[in-house]
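Me: I'd like a close look at one part of this structure, starting from a single residue in a helix and working outwards. Please explain the terms as you go, since I'm new to this.

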Amino acid sequence: MSEDQYAQQDPTSQYGQQSGQPKQQQTAPGATARMRPKPDHGEESYRGSARLSGKRALITGGDSGIGRAVAIAFAREGADVLISYLGEEEDADARDTVRLIEEAGRRGVAVRGDITDERHCQELVERAVADLGGLDILVNNAAYQMSQEKGIAGISTEQFDRVMKTNLYAMFWLCKAAVPHLPDGSVIINTSSIQAFEPSPQLLDYATTKAGIANFTKALAADLAEQGIRVNSVAPGAVWTPLIPATMPKEAVESFGANSPIGRPGQPAELAPAYVFFASQESSFVTGEVLGVTGGRPIT
């Protein structure tokens, strides 16, 4: 088994797993250090080149999971990166991500705060422009979910409101604040989900937002095309991030990802190249697209 992103290998046994994870649970939002096994964010496996040389990126939820993997990849492709994250519990993960960005020779900035607040979203964009000297790439990646085995009966108004504001409102606020600062050739990348296309009753509210993200992406792409700004979305399947043990029952964690054709959950590092593709000039004729990275579960 090799974790080198370029080494040809059997994806079903890559990372030495063919099913879910050991039973485990954390309190939300979860921490990388307490996960078993530890996710691969590309710390050792992502090499990169210079496809994003001189670019400046803002990534929400960049302290861990997919966001950290994207931050590492962007930095190793030549971009300076500002990551946002929610609270004090994630300080250690945020520091690790910034360290990895800086080890790639790029500028790394971490900003703590709640993106369900419109003013904080505006401030994130302002910080990125001020600290990085501008903004070329916006990645709306932060999300909240909480599995409810009772379905709609178990979803409180408070939870529904938090999911909507974290996943949809924040994306809207960040995009609206960022667009005036984005030069021609800039990109916006939104994280949707397999849940947008195969919604689970236990994640009814989360799945609703992820479907909204897919449609928001398509409409915004048409809106901004004349300004030379491309907008695309990545739709992950089951990916091993702190969100999983922090929001799912132990039994669900144990079987997590086993129902994909590849037979295992994805690692964050396996998502990062999709974001790099959308952020680079290699995808210059691609906008309004939703790319599934799902381990074989089709989204169309």
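Reply: **Starting from one residue**

Ala178 touches Val125, Leu135 and Leu138, leaving out residues up to four places away in sequence. Touching, or contact, means heavy atoms within 4.5 Å. Before we go on, keep in mind that this is a predicted model: local features need pLDDT of at least 70, side-chain atom pairs count only at pLDDT 80 or more, and totals for chains, interfaces and linings use all residues. Residues are numbered from 1 along each chain as its sequence is written, and side-chain values use heavy atoms, with hydrogens and water left out.

So where does Ala178 sit? Its home is helix α4 (residues 157-178). (Helices are DSSP runs of H or I with at least four residues, strands are runs of E with at least two, and the numbering starts at the N terminus.) With a relative accessibility of 0%, Ala178 counts as buried. The cut-offs are under 20% for buried, over 50% for exposed and partly exposed in between, using a 1.4 Å probe and protein chains only. Ala178 also has a C-alpha 9.1 Å from the C-alpha of Val129, with their positions 49 residues apart in sequence.

One of those contacts, Leu138, takes us into a sheet. Leu138 is in β4, and Leu58 stands opposite it. β1 and strand β4 (residues 137-140) pair in the parallel sense over 3 bridges. Two strands pair if DSSP finds at least two bridges between them. As a bit of background, strands of a sheet pair through backbone hydrogen bonds, either parallel or antiparallel.

Now zoom out a little. The sheet is open, has 7 strands with parallel pairing, and runs in the order β3-β2-β1-β4-β5-β6-β7. β3 and β7 are at the edges, where each has a single partner strand, so one side of each has no neighbour in the sheet. On average, neighbouring strands of this sheet are turned by 15° against each other, direction ignored. (For angles like this, axes are lines fitted to C-alpha atoms, for helices over the stretch in contact, and the angles run from 0 to 180 degrees between N-to-C directions.) Helix α1 (residues 65-76) lies across β1, β2, β4, β5 (187-191) and β6 (230-236), and its direction is about 170° to β1.

Let's walk over to β3. Strand β2 (residues 80-85) runs parallel to strand β3 (residues 108-112), and 5 bridges join them. Tyr85 has Arg112 in β3 as its bridge partner. These two residues turn up again with Asp91: not counting residues up to four places away in sequence, Asp91 touches Tyr85 and Arg112. Asp91 is in helix α2 and, at 13% relative accessibility, counts as buried. β2, α2 and β3 together make a right-handed β-α-β unit. Right-handed means that, with the strands pointing away from you, the path from the first strand over the helix to the second runs clockwise.

Helix α2 also gives us a charged pair. Glu103 and Arg99 form a salt bridge through their side chains, at 3.1 Å from N to O. (A salt bridge is a side-chain nitrogen of Lys or Arg within 4 Å of a carboxyl oxygen of Asp or Glu.) Because the two are 4 residues apart in helix α2 (residues 91-103), about one helical turn separates them. Glu103 is exposed at 56%, while Arg99 is partly exposed at 38%.

That pair has company, since the count by this rule comes to 14 salt bridges. One of them joins the side chains of Arg51 and Glu282 at 3.1 Å, N to O. Here the partners come from distant parts of the chain, 231 residues apart: Arg51 is in the segment before β1 (56-60), and Glu282 is in the loop between α8 (268-279) and β7 (290-293). Arg51 is partly exposed at 34%, whereas Glu282 is exposed at 51%. A network of salt bridges links Arg51, Glu77 and Glu282. Another salt bridge brings Glu270 and Arg264 to 2.8 Å, N to O; Glu270 is partly exposed at 27%, but Arg264 is buried at 5%.
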